[in-house]
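These are my notes from going through a model on screen. I went from one sheet to its helices, then to single residues, and last to the contacts between chains and with DNA.

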Number of protein chains: 2
Amino acid sequence: MFRGVFIVNLDVKGRLAVPAKYRERLQMSCNSRLVVTVDRDRCLLLYPEPEWESIEAKLSALPAFDNTARAIQRLYIGNAQEVEMDAQGRILLPQYLRDFASLDKRVAFVGQGSKFELWDEPAWNARNEAALGDAGIGELATAAGLGSLTL
Amino acid sequence: MFRGVFIVNLDVKGRLAVPAKYRERLQMSCNSRLVVTVDRDRCLLLYPEPEWESIEAKLSALPAFDNTARAIQRLYIGNAQEVEMDAQGRILLPQYLRDFASLDKRVAFVGQGSKFELWDEPAWNARNEAALGDAGIGELATAAGLGSLTL
DNA sequence: ACTGAAGTGGGGGAAAGTGGGGAATTGGGG
DNA sequence: CCCCAATTCCCCACTTTCCCCCACTTCAGT
């Protein structure tokens, strides 16, 4: 499982250095092959390729005549891109994905279980603050039926 | 599986360059033979020929006295057109299909599992934004009974 | 301080994208 | 039946982008 946040720099060519601590694991688990796609709250998702394959299979199995299912397929599969770590452990993020998540220089590389999330650093900080803010996650969680979670 | 979006240019002769990364796979899987047809969201669908054959078989098997079934058959089978990649990896899109999807210059070539979708670039962007918009895919997905998907 | 690993930057070459000319084929009209 | 026009196909050439590799810098640990 991946966890923790690392602030990494995007260079002028749009390359992102994967934190060194993950590189070996990624070489083993997916031969350095990863898939980036968008997320609906304007960050990017980064999966080891085998992990992504299973998600894609689930998405592909959705009914072809359901408009919502099609919208989801277009969003996630349509915007997915395969990326590979170079010899320096960097991945090249396509321009349109950088634009999508407003990544310019400082990027939060966040472990999220079996995947990573990539956030523009200010956006990441803002999210964190908002989650701690006045409304309170607790009430939201209860409202969403998650009140019985034990952390 | 095909995935990801590439922006390619349609030249004045109506030819569309297939992204290089797919060419070899398409030469192997279908000997460069593809089938283009229309989609009900005003984009074009592009299938490797064997893939199309199985779709066509499914459509043909629909009940002949069902009006909806017949409409679907006319739409998808009736507008289908075989195309072949030339030595430069381009396909020639018939005029009426270009018109149908309003393809003029910049075209989004979108991988969608076993097929591709071809969109006029502005239309593709608009779709994407709409999917992220105020309603949000999350609510739609929940309403459609897809809430249990884990991405 | 020295050494090795990680981070960062950049240049060159190959390949992909793009455009256009001309031959060949097809279809329609005289 | 023939000819002309329009479309398609094949080939060639140029431009641009991207990817791979190398080198320098920075940092941390011994």
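In which sense do E3(A) and E5(A) pair, and over how many bridges? I looked this up first: the pairing is antiparallel, and four bridges make it up. I note here that the model is predicted.

**Entry 1: the sheet of chain A**

I picked one bridge out of the E3(A)–E5(A) pair: A:Val35 has A:Glu82 in E5(A) as its partner. I then sorted the residues of E5(A) by face. A:Gln81 and A:Val83 lie on the covered face, whereas A:Glu82 and A:Glu84 lie on the uncovered one. The bridge partner of A:Val35 is therefore a residue of the uncovered face, as I read E5(A) with a residue counted as buried at 20 or more other C-beta atoms within 10 Å.

Next I traced the whole sheet. It is open and has six strands, ordered E1-E7-E8-E4-E3-E5 in chain A, with antiparallel pairing. Strand E1 (2–9) and strand E5 (81–84) of chain A each have a single partner strand, so they are the edges and one side of each has no neighbour in the sheet. I recorded an average turn of 25° between neighbouring strands, direction ignored.

Further in, I checked strand E4 (residues 44–48) against strand E8 (residues 115–120) of chain A. They run antiparallel and are joined by three bridges. In one of these I found A:Leu45 with A:Glu117 of E8(A) as its bridge partner.

**Entry 2: helices of chain A**

Helix H2 (residues 49–60) of chain A packs on this sheet, and I found it touching strand E3 (33–38), E4 and E8 of chain A. The direction of H2 makes about 110° with that of E4(A). Helix H5 (residues 121–132) of chain A lies across E1, strand E7 (106–113) and E8 of chain A. I noted about 105° between H5 and E8(A).

I also looked at how enclosed helix H3 (residues 67–76) of chain A is. Seven of its ten residues are buried, so the rest of the structure largely encloses H3. I listed the buried ones: A:Ala69, A:Arg70, A:Ala71, A:Ile72, A:Arg74, A:Leu75 and A:Tyr76.

For the chain totals, I counted six helices and eight strands in chain A. Their order from the N terminus is β-β-α-β-β-α-α-β-β-α-β-β-α-α. Of the 151 residues in chain A, 32% count as buried. Among contacts in chain A with a separation of 6 or more, 55% are between residues 24 or more positions apart. The C-alpha atoms fill a box of roughly 45 × 40 × 30 Å along the principal axes.

**Entry 3: two single residues**

I chose A:Ile55, which sits in helix H2 of chain A. A:Ile55 counts as buried because 21 C-beta neighbours lie inside 10 Å. Setting aside residues up to four places away in sequence, A:Ile55 touches A:Tyr47 and B:Leu151. A:Ile55 and A:Val8 are 47 residues apart along the chain, with 27 Å between their C-alpha atoms.

In chain B I took B:Leu103, from the loop between helix H4 (95–100) and E7. B:Leu103 is buried, since 22 other C-beta atoms are within 10 Å. Outside its neighbours within four places in sequence, I found B:Leu103 in contact with B:Leu10, B:Arg98, B:Leu118 and B:Asp120.

**Entry 4: between the chains**

How many residues of chain B are in contact with chain A? I got 21, facing 19 residues of chain A. On the chain B side, the elements giving two or more residues are strand E1 (2–9), strand E7 (106–113), helix H5 (121–132) and helix H6 (137–143). By class, that side has twelve nonpolar, seven polar and two charged residues.

**Entry 5: the DNA strands**

Around DNA strand C I found 19 residues, the closest being A:Asn9, A:Asp11, B:Asn9, B:Asp11 and B:Ala20. E1 of chain A and E1 of chain B are the elements that give two or more residues to this surface. The classes near strand C are ten nonpolar, six polar and three charged.

Around DNA strand D, chain A gives A:Asp86, A:Ala87, A:Gln88 and A:Leu92. Chain B gives B:Lys13, B:Asp86, B:Ala87, B:Gln88, B:Leu92 and B:Pro94. I logged the classes near strand D as five nonpolar, two polar and three charged.

Technical notes. Residues are numbered from 1 along each chain as its sequence is written. Chains are lettered from A and ligands numbered from 1 in the order in which they are written. This is a predicted model: local features need pLDDT of at least 70, side-chain atom pairs count only at pLDDT 80 or more; totals for chains, interfaces and linings use all residues. Two residues are in contact if their C-beta atoms, placed from the backbone, lie within 7 Å. Ala, Val, Leu, Ile, Met, Phe, Trp, Tyr, Cys and Pro count as nonpolar, Asp, Glu, Lys and Arg as charged, and the others, Gly among them, as polar. A residue is buried if 20 or more other C-beta atoms lie within 10 Å of its own, exposed if 12 or fewer, and partly exposed in between; C-beta atoms are placed from the backbone. Two strands pair if DSSP finds at least two bridges between them. Axes are lines fitted to C-alpha atoms, for helices over the stretch in contact, and angles run from 0 to 180 degrees between N-to-C directions. A residue is near a molecule or strand if its C-beta atom, placed from the backbone, lies within 6 Å of it.
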